[in-house]
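Colleague: Please take one part of this model and go through it closely, in terms that a first-year student can follow. Start from a single residue and work outwards from there.

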Amino acid sequence: MTSSLNHSARRLNTLAAALGCRSYLEIGVETGATLLQVAVEQRMGVDPCFAFDWQSHQGKDGLQLHPCSSDLFFAELEASTQFDLIFLDGLHTFEQTYRDILHALRHSHAGTAILIDDTVPHDVFSACRDQQECLNLRSRYANSSDNRWHGDTYKVVPLLALFHCDLCLLTLADGGNPQTLLWRPSNPLEEDAIRSMQAMWAVQNLAAADYIWFLSNRSLYNPISEAEGLQELIRSIARQDPAADER
Ligand SMILES: C[S@@+](CC[C@H](N)C(=O)[O-])C[C@H]1O[C@@H](n2cnc3c(N)ncnc32)[C@H](O)[C@@H]1O
């Protein structure tokens with residue numbers, strides 16, 4: 001691992017190398033700080049508002065850049081297109097992120113790894129749906145210029161836990177902003193009654209599933225260290241594809 005990589009690129013490159021990924025999709029690219037550091041042959045980036053000179057990178061080094069929203073991108077994407085590695089870091093609301101997850105799953109295969117950003121708000125302000133309101137309230141009530149904003153993306157985790165029992169999820173809890181890993185395990189997981197109840201309550205009461213709910217239900221996110229979480233996914237996918245062990 002190279003220390004100059006940001007935490008997202010470091011995690012994605014660990015997965016890409018271990019799984020032999022050849023195609024990568026990033027939703028929400030901004031300055032390209034992550035996309036341009038991901039070492040995968042074919043890289044696609046989507047952002048309605050790129051914050052760098054994207055045209056100068058278009059078509060070079062396996063890069064394809066799409067200046068549009070994720071919804072528009074997926075609506076026009078060839079149905080047969082599949083990605084080996086996907087990073088979801090677009091609009092930080094749970095409904096948009098959930099749509100991005102569903103689209104990503106449609107364009108994934110049994111060995112695809114999906115990394116979801118912003119699933120763990122770090123304070124009550126950061127969990128606010130509106131970015132400007134988050135910053136204004138934090139500045140006024142905490143006298144802080146911290147500009148981190150996660151929105152209510154954390155609500156996708158109860159949705160996944162309740163409606164996607166065929167998927168595995170782990171949340172990398174150290175080494176930078178926490179992010180959730182999602183993949184298809186080789187064996188279906190056993191139903192866990194307590195987790196199902198936690199998720200059911202949150203989904204039935206989405207408006208009430210606030211930051212305090214999040215703090216009380218962190219176990220639903222399966223927090224794990226970065227090193228252990230990445231290895232768990234790599235082992236699980238390698239079990240389905242023994243050739244991946246040799247890559
Ligand atoms: C946090 S930044 C992405 C950072 C980038 N992934 C990185 O690691 O450096 C979020 C980006 O999502 C973009 N975005 C907002 N709404 C979007 C949407 N509906 N579809 C795709 N991207 C979106 C914003 O324009 C912004 O550039």
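**From a loop residue to the sheet**

Modeller: E30 counts as partly exposed because it has 16 C-beta neighbours inside 10 Å. The scale behind that word counts other C-beta atoms within 10 Å of a residue's own: 20 or more make it buried, 12 or fewer exposed, and anything in between partly exposed, with C-beta atoms placed from the backbone. This is a predicted model, in which local features need pLDDT of at least 70 and side-chain atom pairs count only at pLDDT 80 or more, while totals for chains, interfaces and linings use all residues. Residues are numbered from 1 along each chain as its sequence is written.

E30 lies in the loop between β1 and β2. Here helices (H or I, at least four residues) and strands (E, at least two) are DSSP runs, numbered from the N terminus. The phi of E30 is near 55°, which is positive although the residue is not a glycine. Most residues other than glycine have a negative phi. E30 also belongs to the surroundings of the ligand: of the 20 residues around the ligand, those that come nearest are G28, E30, T34, G90 and L91. A residue is near a molecule or strand if its C-beta atom, placed from the backbone, lies within 6 Å of it. By class, the shell around the ligand holds eight nonpolar, eight polar and four charged residues. In that count Ala, Val, Leu, Ile, Met, Phe, Trp, Tyr, Cys and Pro are nonpolar, Asp, Glu, Lys and Arg are charged, and the others, Gly among them, are polar.

Now the strands. Strand β1 covers residues 23-27, and four of its five residues are buried. Five bridges join β1 to strand β2 (residues 42-46), and the two run parallel; L25 stands opposite M44 there. Strand β1 is also joined by four bridges to strand β4 (residues 83-88), again in parallel, and Y24 has L85 as its bridge partner in β4. Strands count as paired if DSSP finds at least two bridges between them.

Strand β4 in turn pairs with β5 in the parallel sense over five bridges. Two of the facing pairs are I86 with I114 and L88 with I116. Strand β5 is mostly covered, with eight of its ten residues buried. Put together, eight strands form an open sheet of mixed pairing, in the order β3-β2-β1-β4-β5-β7-β6-β8. Its edge strands are β3 (63-66) and β8 (223-224), each of which pairs on one side only. In a regular strand the side chains alternate between the two faces of the sheet.

Some of the residues just named recur in the core. The largest nonpolar core has 56 residues, and those with the most contacts inside it are L15, L85, A113, I114 and L181. Such a core is a set of buried Ala, Val, Leu, Ile, Met, Phe, Trp, Tyr and Cys residues joined through C-beta atoms within 7 Å. Leaving out residues up to four places away in sequence, L181 touches A113, L115, L169, L170, L172, G229 and L233. Touching, or being in contact, means that the two C-beta atoms, placed from the backbone, lie within 7 Å.

D117 lies in strand β5, which covers residues 108-117. D117 is buried because 23 other C-beta atoms lie within 10 Å. Beyond four places in sequence, D117 touches S8, L88, D89, N177 and Q179. L88 thus appears twice here, as the bridge partner of I116 and as a contact of D117. D117 and T153 are 36 residues apart in sequence, but their C-alpha atoms are 8.4 Å apart in space.

One more loop residue can be set beside E30. D61 is found in the loop between β2 and β3. D61 has a positive phi of about 50° and is not a glycine. D61 counts as exposed because it has 9 C-beta neighbours inside 10 Å.
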